[in-house]
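The following questions and answers examine a structural model, taking up side-chain exposure, ring pairing, core packing and a polar contact in turn.

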Amino acid sequence: MSRISVIGKFLDQPRLVGKFSQSVSLIMGLGGTLVLGNHIKNVDQEKQKKETFKLVSVLFVTMLSALVSTRGVKSLGIKGLSNNINLKDLEKSNSKLVDEFIKTNKVSEESQKILEKGKNKVLNISEISKIYKELESNKSGKEFLNEFIPEPENITSKDIFNEIKRLSLMGLIPVLGGIAGGISGDVVTENKWKEKVPNKIKEGVYQYLANIFLCNVGAGIALGVLEKNNIKSKSARAIGMVSGIILTGVIGGSIIANLISKKCIEPLFCSNKKENKNIYSERKPEALDLGLHLDDVATVAVLSGLKWIEPALPILYSISGYRAGIGYRNGSISV
């Protein structure tokens, strides 16, 4: 097994994915604290209390909605959109799997120790390499390893848009949460809070369409075309989905989002505003927007069966929710 394949197996360990998923809320909390601290230090002292409340409102509701959308709330019967791994259940199933395999198959003392460790701990890259080198050479060993660390499964064309729907909803909820948190913060701290609502909605539309939904659709369409032409190469699928993302999201998404803002949102909230015919007059793609397309790379990975990427999606989608909540505009309208 190549070094790259070994690293892939290391990352695909269900226990590692589960532990990463559990740490996401802490990572988001630390990230939110850094954002808050960086913002407050640039604000006049007399405005700091108000600005802190507004930003905490945006960050809290955005991150909470992102976590609820993926994990759900068990006590309220709300099911999350992500497939969460219960580490206790995983330990039981791994213990049973390893014990049954060792009973019926001859393995070296070193591999047995590694497998015993794998019942309730994450294996390192060297340990993964050793057990694969010994066990994957025969049928029973291969079958065991495929259960112990499941192979990535490329979804079929029949499943594409169900998966796209799930991922797009995971992105929509934090954006709506960011808008709700931003409006709530303004209601408490601003007399003219209604004037700031249009920017939040427009930025939310921009973030969702240009940075999430249309990119997912583009990846899905590209994957469908590849499936129709019976192209199964993982590299070809990845390149095709990235191309679909560029065409629909990076290029077309910002135009569509700005058109919706100008033709639908502005007439509803800003009836007296003089129309600017330049489609990018208020919001144009910038470096951070391209950075936000990391979540599209993650989408490509998830659609390619690499489930270890999925726990990171709430973090990436929360960035879009945050920008919607503060009503970010980089053109003629001030924040």
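Q: Is Phe 213 buried, partly exposed or exposed?
A: This is a predicted model. The relative accessibility of Phe 213 is 30%. Buried requires under 20% and exposed over 50%, so Phe 213 counts as partly exposed.

Q: With which residue does Phe 213 form an aromatic pair?
A: The two rings lie 5.7 Å centre to centre, with 20° between the planes, and the pair is stacked. The partner is buried, with a relative accessible area of 14%. That partner of Phe 213 is Tyr 208.

Q: Why is the pair of Phe 101 and Phe 144 classed as stacked?
A: The structure holds 3 aromatic pairs. In the pair of Phe 101 and Phe 144, the ring centres are 4.3 Å apart. Planes under 30 degrees apart count as stacked, and the pair is therefore stacked, its planes being at 15°.

Q: How many residues apart are Phe 101 and Phe 144?
A: Phe 101 and Phe 144 are both buried, and ring pairs link them with Phe 148 into a cluster. Phe 101 belongs to helix H4 and Phe 144 to helix H7, so that the pair links distant parts of the chain. Their separation is 43 residues.

Q: Within what arc do the buried residues of H6 fall?
A: In helix H6 (residues 125-135), the buried residues are Glu 127, Ile 128, Ile 131, Tyr 132 and Leu 135. Viewed down the helix axis, these residues line one face of H6, because their arc is 125°.

Q: Which helices do the buried residues of H6 pack against?
A: Residues three or four places apart in an α-helix point the same way, because there are 3.6 residues a turn. The buried residues of H6 pack against helix H1 (3-12), helix H4 (87-104), helix H5 (109-117) and helix H7 (139-148).

Q: Which helix supplies the largest share of the largest nonpolar core?
A: This core has 30 residues, of which Leu 167, Leu 209, Met 241, Leu 303, Leu 313 and Tyr 317 touch the most other members. At least two residues each come from helix H8 (160-189), helix H9 (197-228), helix H10 (234-269), H12 and H13. The largest share, 10 residues, comes from H9.

Q: Which side chain does a polar contact of 2.6 Å join to that of Glu 310?
A: Glu 310 lies in the loop between helix H12 (294-303) and helix H13 (313-325). At a relative accessible area of 3%, Glu 310 is buried. Its contacts beyond four places in sequence include Arg 166 and Val 302. The side chain joined to Glu 310 by the polar contact is that of Ser 82.

Definitions and conventions:
Residues are numbered from 1 along each chain as its sequence is written. This is a predicted model: local features need pLDDT of at least 70, side-chain atom pairs count only at pLDDT 80 or more; totals for chains, interfaces and linings use all residues. Side-chain values use heavy atoms; hydrogens and water are left out. Helices (H or I, at least four residues) and strands (E, at least two) are DSSP runs, numbered from the N terminus. Buried means under 20% relative accessible area, exposed over 50%, partly exposed in between (1.4 Å probe, protein chains only). A polar contact is a pair of N or O atoms within 3.5 Å; within protein, one must be able to donate a hydrogen and the other to accept it, and residues adjacent in sequence count only if both atoms are side-chain atoms. Contact means heavy atoms within 4.5 Å. A nonpolar core is a set of buried Ala, Val, Leu, Ile, Met, Phe, Trp, Tyr and Cys residues joined through side-chain atoms within 4.5 Å. The arc is that of the directions from the helix axis to the C-beta atoms. Rings of Phe, Tyr and Trp (its six-membered ring) pair if their centres lie within 6.5 Å; planes under 30 degrees apart count as stacked, over 60 as edge-to-face and the rest as tilted.
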